[in-house]
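Hi everyone, thanks for making time today. I'd like to walk you through a chain I have been looking at, so let me put it on the screen.

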Amino acid sequence: MSESRLRLLDATLRLDSMPAAGRDITIRPTDDDRIAIATLIGVTTVDAFAATLHAVKFRGGFRVTGTVKAQVTQPSVVSLEPVTQAIDEPVDRIFLPTGEKEYAGPAGAEVFVDLEGDDLPDHFEGNEADLTDLVVETVALAVDLYPRLAGESLADVVPPSEDLDEKPFAALAALKAKKD
């Protein structure tokens with residue numbers, strides 16, 4: 001079964017046609033694309049979406065900088081009422097052409113990961129890089145996982161406990177006491 005990937009119009013860069021000064025890229029998904037993005041990132045709707053990027057040649061590949069702006073709607077985790085979130089995220093990513101794979105070392109070898117360092121570059125095959133995953137990922141990572149309307153709290157829907165002496169594991173403690 002073949003998996004069809006989302007590819008946004010105007011989200012493709014070609015290394016062989018990149019001007020020396022770089023290229024400005026504006027990505028505005030169609031209505032159908034925004035529906036597909038909403039499904040991919042798990043929100044109800046993507047009401048607006050625009051990426052304004054600038055790409056320049058960098059170390060045999062590209063460096064892409066700019067911003068991704070979107071507006072998403074999803075249900076509140078408290079009341080299930082629609083919550084709208086405005087997203088405005090910076091982008092700074094490096095894309096390098098795929099070369100020969102470096103030897104990874106023996107199985108089970110330790111790998112050092114520098115959490116404070118720069119992100120590893122993305123790779124692309126051939127002479128063309130697709131920025132669709134970059135812009136969709138940027139929005140997905142900015143989406144609030146637990147959206148709530150202003151002023152909402154869990155206390156609004158869950159009544160306070162009548163018995164304040166009852167602890168979460170009181171029933172287990174009672175069972176243990178019976179066993180002893």
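In what order do the five strands of the open sheet come? Before I answer, please keep in mind that this is a predicted model. The order is 2-3-4-5-6, and the pairing is mixed. At the edges sit strand 2 and strand 6, residues 122-124, each of them pairing on one side only. From one strand to the next, the twist averages 25°.

Let's zoom in on one edge. Strand 2 pairs with strand 3 in the antiparallel sense, over five bridges. Thr 26 is a handy marker here: the residue opposite is Thr 52 in strand 3.

Now for the helices. Helix 1 lies across strand 3 and strand 4, and runs at about 90° to strand 3. Helix 2 lies across strands 2, 3, 4 and 5, at about 135° to strand 5.

Which residues of helix 2, residues 132-142, are buried? They are Thr 132, Leu 134, Val 135, Val 136, Thr 138, Val 139 and Ala 142. Their cover includes helix 1 (31-41), strand 3 (45-58), strand 4 (61-75) and strand 7 (128-130).

Stepping back, the chain has three helices and seven strands, arranged from the N terminus as β-β-α-β-β-β-β-β-α-α. Of its 180 residues, 29% count as buried. For those of you who think in surfaces, the chain exposes about 13100 Å², with carbon and sulfur atoms supplying 54% of that. And among contacts with a separation of 6 or more, 69% join residues 24 or more positions apart.

Definitions and conventions. Residues are numbered from 1 along each chain as its sequence is written. This is a predicted model: local features need pLDDT of at least 70, side-chain atom pairs count only at pLDDT 80 or more; totals for chains, interfaces and linings use all residues. Side-chain values use heavy atoms; hydrogens and water are left out. Buried means under 20% relative accessible area, exposed over 50%, partly exposed in between (1.4 Å probe, protein chains only). Helices (H or I, at least four residues) and strands (E, at least two) are DSSP runs, numbered from the N terminus. Contact means heavy atoms within 4.5 Å. Accessible areas come from the Shrake-Rupley method with a 1.4 Å probe; for residues, only the protein chains shown count as cover. Two strands pair if DSSP finds at least two bridges between them. Axes are lines fitted to C-alpha atoms, for helices over the stretch in contact, and angles run from 0 to 180 degrees between N-to-C directions.
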